[in-house]
Amino acid sequence: MVTSPATAAGIALSPDVERTLVLWLTNVSHAVNHFQNQMVSTLYPVIMAELGFGYFQLGAITAIRTVFGNASQIAYGFLTPFVGRSRLLGFANVGMGLGSLFTGVVGGYPGFVAARTVTSVASSAQHPVGASLLSRIFPNRRGAILALNSSIANIGSLLAPAAAGLLLLVMGWRQIFFVVAILCLLVGIAFLLLRDRVESSGAAARHGRLTQGKASYLRVLRNRNIMVISLVQMVGAAGGEGGVNQTYIGPHLVNDLGLSIATAGLALSVFTVGSVVGPLGFGWLSDRVPRHRVIQTSLVFSALGTLALAHQDFIQSIVSGAVQPWFPSASDLVLPLLLLNLLFYGGVTSSRLTLTQALVADSTNDEDRDAAFSLYYFIGFFSDPIWSLVTGGLMENFGFSFAFSRLAVTYVIGMLLLFLVRTGRTSAVTSSADGR
């Protein structure tokens, strides 16, 4: 449990108020995290022009950030016996703020790579530590709470490109990073003003806490559910953190479907709206019916949504033929059908992450949860750069329809893997009410 500064000063707050405070601070932190990550895509053209690097160097930045950011996630579970979760999130946000600040003052490509890598390593704490913290204080509403946290983060992603574009009208890209640095530092300071009441490291010896951390990781590695759930996250290509979606859907809309950049931006915004709404519905449902069945359902829908997006032209021809007798201007339905398709696709593919997070929390106890989330994120996102490269190769040689049709198969594989999960809630949930 986490207590607020007011509590630390002697002003008693109810447990519900404390949990709500932590929830919304974690939500804001996650939204700022996504905002600072997504806004860079809008700023890259002006950054590339000023610092003098091209697309190959841009790809190198992405690869380096992904490798270091993903690798660092496995370390955070080792740190929680020494540093409370809220303090880790505080230090992580301060690190993001410093990384953003350094980004705004770099003079060349090597400095830019280093600054963005520092930011990526710091931001990678948000998922394992934040998910562990929220899972602990909301044990009976994990699905809904983690879905809310993810959806608010996606709102940050939704606002970032437009906000960055508007800010470029009134300031330079360096000043935009300074603004984001201030936001990150403010969130970090807010976390550091919290103090851990139950999660403090206590009087245990440093060696004992290190031994405890090692033992926790070993138990998680022997936990079949955690390993299976991590594999489910890893095999699904386009519904992880959105690397495939962010990289290839926009060019497909412009180059293959002939949409203008403005219309493609609208379509991507609709996709992001789906990624905000979808997890909320699936998360709410997963708290009321067996969670693994809800995940399997979302994965089946993800496969269908991916196929529908891959064969948009085929679906359009069927619909046009069916409504032509009553609606002569059936060709006008192309854009509305595409937007509906993207709304559905965004809603179902983005739900897997929050649902598997909740299932990870269900499958372990408080003692091992930090290690479980660290390993889950490390394994689950290990394949992201691989899928990005594979999808790019398939699109280059066979086209978007072929590439995304193959990605649909990965969701079916994930759905089948879930049959290996042992059903039933674990002893991790021991109370009759959240946080009690």
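Helices here are DSSP runs of H or I with at least four residues, strands are E runs of at least two, and both are numbered from the N terminus. Counted that way, the protein chain has 19 helices and 2 strands.

Before going further, a word on what you're looking at. This is a predicted model, where local features need pLDDT of at least 70 and side-chain atom pairs count only at pLDDT 80 or more, while totals for chains, interfaces and linings use all residues. Residues are numbered from 1 along each chain as its sequence is written, and side-chain values use heavy atoms, with hydrogens and water left out.

So how confident is the predictor? The score to look at is pLDDT, the predictor's confidence in each residue, from 0 to 100. The protein chain averages 80, and 84% of the residues score at least 70. The weak spots include residues 1-12, where pLDDT stays under 50 and the model has 30 contacts (heavy atoms within 4.5 Å) beyond four places in sequence. Residues 425-436 also stay under 50, with 31 contacts beyond four places in sequence. Where pLDDT is low, the predicted coordinates should not be read in detail.

Now for the chain as a whole. Of its 436 residues, 53% are buried, where buried means under 20% relative accessible area, exposed means over 50%, and partly exposed is in between (1.4 Å probe, protein chains only). The chain exposes about 18,400 Å², and carbon and sulfur atoms supply 70% of that; these areas come from the Shrake-Rupley method with a 1.4 Å probe, and for residues only the protein chains shown count as cover. Take the contacts between residues at least 6 apart in sequence, and 84% of them join residues at least 24 apart.

Helix α3 (residues 55-79) is a good place to zoom in, and G77 is found there. G77 counts as buried because its relative accessibility is 6%. Leaving aside neighbours within four places in sequence, G77 is in contact with Y217, D370, A371 and S374. Its C-alpha atom is also 7.4 Å from that of G213, 136 residues apart along the chain.

G69 lies in α3 too, and at 5% relative accessibility G69 is buried. Residues up to four places away aside, G69 touches S120, V121 and S124. The C-alpha atoms of G69 and S120 are 5.2 Å apart, with their positions 51 residues apart along the chain. A60, also in α3, is partly exposed because its relative accessibility is 24%. The C-alpha atoms of A60 and V113 are separated by 8.7 Å.

Next comes helix α5 (residues 109-123), which holds A122. A122 has a relative accessible area of 10%, so it is buried. Not counting residues up to four places away, A122 touches Y76, A92, G95 and M96, and its C-alpha atom is 8.5 Å from that of S72.

Finally, look at helix α10 (residues 224-235) and helix α16 (residues 351-362), which pack at an angle of about 175 degrees with axes 10 Å apart. The axes are lines fitted to C-alpha atoms, for helices over the stretch in contact, and angles run from 0 to 180 degrees between N-to-C directions. Angles under 35 degrees count as roughly parallel, over 145 as roughly antiparallel, 65 to 115 as roughly perpendicular and the rest as oblique, and α10 and α16 are therefore roughly antiparallel. From α10, I226, I229, V232, Q233 and M234 meet R352, L353, T356, L359 and V360 of α16. These residues divide into 7 nonpolar, 2 polar and 1 charged, where Ala, Val, Leu, Ile, Met, Phe, Trp, Tyr, Cys and Pro count as nonpolar, Asp, Glu, Lys and Arg as charged, and the others, Gly among them, as polar.
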